[in-house]
Amino acid sequence: MAVNETSPEEDLYDDLDGTTLRLNKKLKNDNRLQESFSSLSSNAQIKPNGQSKTTTPFLSPEMIRSKAEQELEKTTKLEKQVEKLTKENETIRRNISILYRTAKTELARKDREIEALRDKCGGL
């Protein structure tokens with residue numbers, strides 16, 4: 001067997017918690033959390049012997065999961081706020097448009113009324 005090959009009985013990830021693997025996959029695939037994950041990963045350095053050296057304190061899977069949940073919560077809250085502000089913006093734009101058209105129509109009506117009164121006075 002070559003150096004990089006493993007037998008079918010051997011599982012390289014046998015000792016890892018499955019939930020941690022799923023969380024890591026989700027973190028890697030989730031665009032909203034990609035930046036947080038990248039900043040955590042960028043602090044790790046690989047030594048020549050293959051061991052990793054972190055420049056920050058070790059983050060357990062629970063700490064990473066907690067951080068991911070906090071970030072997801074913040075993102076969800078911000079998305080709701082954006083949605084609310086977008087709806088509010090649309091309503092304000094519609095109301096301003098209606099107000100502008102109403103004012104323009106009212107000015108035209110007043111101008112016609114003024115013109116009619118001038119014609120009436122001019123004929124006296």
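# Reading a predicted model

Colleague: Take contacts in the protein chain between residues at least 6 apart in sequence. What share of them joins residues at least 24 apart?
Modeller: A contact means heavy atoms within 4.5 Å. Start from the contacts between residues at least 6 apart in sequence. The share joining residues at least 24 apart is 44%.

Colleague: What kind of model is this?
Modeller: pLDDT is the predictor's confidence in each residue, from 0 to 100. Residues are numbered from 1 along each chain as its sequence is written, and side-chain values use heavy atoms, without hydrogens and water. Local features need pLDDT of at least 70, side-chain atom pairs count only at pLDDT 80 or more, and totals for chains, interfaces and linings use all residues, since the model is predicted.

Colleague: In what pattern do the elements follow along the sequence?
Modeller: Helices (H or I, at least four residues) and strands (E, at least two) are DSSP runs, numbered from the N terminus. The protein chain has three helices and two strands. Read along the sequence, they give α-α-β-β-α.

Colleague: Which element has the highest mean pLDDT?
Modeller: The mean for the protein chain is 75, and 52% of its residues reach 70 or more. Over residues 1-6 the pLDDT is below 50, and beyond near neighbours in sequence this stretch has three contacts. Among the elements, strand E1 (residues 44-46) is lowest at 50. The highest, at 95, is H3.

Colleague: How far apart are the end C-alpha atoms of H3?
Modeller: The expected span of a helix is 1.5 Å times one less than its number of residues. H3 has 62 residues, so it should span 92 Å. The end C-alpha atoms agree with that, at 90 Å.

Colleague: What percentage of the residues in the protein chain is buried?
Modeller: Buried means under 20% relative accessible area, exposed over 50%, and partly exposed in between (1.4 Å probe, protein chains only). In H3, Ile64, Ala68, Glu71 and Thr75 are buried. Of the 124 residues in the protein chain, buried ones make up 10%.

Colleague: Is threonine 75 buried or exposed?
Modeller: Threonine 75 is found in helix H3 (residues 61-122). A polar atom of its side chain lies 2.8 Å from the backbone oxygen of glutamate 71. Its relative accessible area is 15%, so threonine 75 is buried.

Colleague: Which residue forms a salt bridge with lysine 67?
Modeller: A salt bridge is a side-chain nitrogen of Lys or Arg within 4 Å of a carboxyl oxygen of Asp or Glu. Lysine 67 is partly exposed at 37%, whereas its partner is buried at 16%. The two are four residues apart in helix H3, so about one helical turn separates them. The closest N and O atoms are 3.1 Å apart, and the partner is glutamate 71.

Colleague: How far apart are N and O in the salt bridge of glutamate 83 and lysine 87?
Modeller: Both residues lie in helix H3, four residues apart, about one turn. Glutamate 83 is partly exposed, with a relative accessible area of 48%. The N to O distance is 3.6 Å.

Colleague: What is the distance between the closest N and O atoms of arginine 109 and glutamate 113?
Modeller: An α-helix has 3.6 residues a turn, so residues three or four places apart point the same way. Arginine 109 is partly exposed at 34%, and glutamate 113 is partly exposed at 41%. They lie four residues apart in helix H3. Their salt bridge has its closest N and O atoms apart by 3.2 Å.

Colleague: Which residues do salt bridges that share partners join into one network?
Modeller: The structure holds five salt bridges. Those that share partners link up into one network of Lys67, Glu71 and Lys74.

Terms used
A polar contact is a pair of N or O atoms within 3.5 Å; within protein, one must be able to donate a hydrogen and the other to accept it, and residues adjacent in sequence count only if both atoms are side-chain atoms.
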